[in-house]
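Please open the structure in your viewer with the sequence panel beside it, and keep a selection tool at hand. The tour below moves from one selection to the next.

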Amino acid sequence: AYDHLLRRPLDPSLLEGATNALENALGLKGGEKLVLIVETGSEAIGTAFVRGCETLALQTRTYVIGFQESESDGFRARLYEQLDGADASILIGTVGGLSPEFRREVCTRAGRRRHARHVSTCRRVDRFRRNSRAVR
């Protein structure tokens, strides 16, 4: 998934906000472990985050998933294992695109990691761009 997102065209207007979220909001530094979960359909924002991970030299485990994967017990068990060992995680998706139980578990899972959630829809990408500039 990481390579898939890395090969996608980058919307340069999203890169600064993504890097800002990684570096300032989550406080990540080179070598730290990040789990990046991107809902299918939110790849434009996911691509910006992957490029930000490259810039910061993060160890990134990336998943591009849909509703079916979010309902799979086997997938969830493997993902939760990754989350338990991560320094931080990010969930990028829409309000209704992934299982509510899955979103809740990812966002509230106990442990040492920091978590950021970016709920987006195609109409909200512009709002992300505006808000990401204001977070500096």
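Begin by selecting β3, residues 88-93, in what is a predicted model: this strand is mostly covered, with six of its six residues buried. In a regular strand the side chains alternate between the two faces of the sheet. Colour the two faces of β3 separately, and you will find Ala 88, Ile 90 and Ile 92 buried on one side, while Ser 89, Leu 91 and Gly 93 are buried on the other.

Keep β3 in view and add β1, residues 33-39, which runs parallel to β3 and is joined to it by five bridges. Within this pair, look for Leu 36, which stands opposite Ile 90 of β3.

Which residues have the most contacts inside the largest nonpolar core? Leu 36 and Ile 90 are among them, together with Leu 22, Leu 34 and Phe 49, in a core of 21 residues. To see where this core comes from, select α1 (2-7), α2 (12-25), β1 (33-39), α3 (43-56) and β3 (88-93), the elements that each give two or more residues to it; of these, α3 gives the most, with six residues.

Next, centre the view on Leu 22 and display what it touches beyond four places away in sequence: Gly 27, Leu 28, Leu 34, Phe 49, Gly 52, Cys 53, Leu 56, Leu 58 and Ile 90. Then hide that neighbourhood and pick Phe 75, Leu 79, Leu 91 and Leu 98, which are included in a second, separate core of 14 residues. Leu 91 was listed above on one side of β3 and Ile 90 on the other.

Now select α2, whose buried residues are Leu 14, Gly 17, Ala 18, Thr 19, Asn 20, Ala 21 and Leu 22. If you put a distance monitor on its end C-alpha atoms, they are 20 Å apart, which agrees with the 20 Å that its 14 residues should span at 1.5 Å a residue. Following α2 is Gly 27, with a positive phi near 65°.

Finally, zoom out to the whole chain, which has seven helices and four strands, following the pattern α-α-β-α-β-α-α-β-α-β-α when read along the sequence. Of its 136 residues, 44% are buried, and among contacts with a separation of 6 or more, 84% are between residues 24 or more positions apart. With a surface display switched on, the exposed area is about 7,100 Å², of which carbon and sulfur atoms supply 47%.

Key. Residues are numbered from 1 along each chain as its sequence is written. This is a predicted model: local features need pLDDT of at least 70, side-chain atom pairs count only at pLDDT 80 or more; totals for chains, interfaces and linings use all residues. Side-chain values use heavy atoms; hydrogens and water are left out. Buried means under 20% relative accessible area, exposed over 50%, partly exposed in between (1.4 Å probe, protein chains only). Contact means heavy atoms within 4.5 Å. Accessible areas come from the Shrake-Rupley method with a 1.4 Å probe; for residues, only the protein chains shown count as cover. A nonpolar core is a set of buried Ala, Val, Leu, Ile, Met, Phe, Trp, Tyr and Cys residues joined through side-chain atoms within 4.5 Å. Two strands pair if DSSP finds at least two bridges between them. The expected span of a helix is 1.5 Å times one less than its number of residues.
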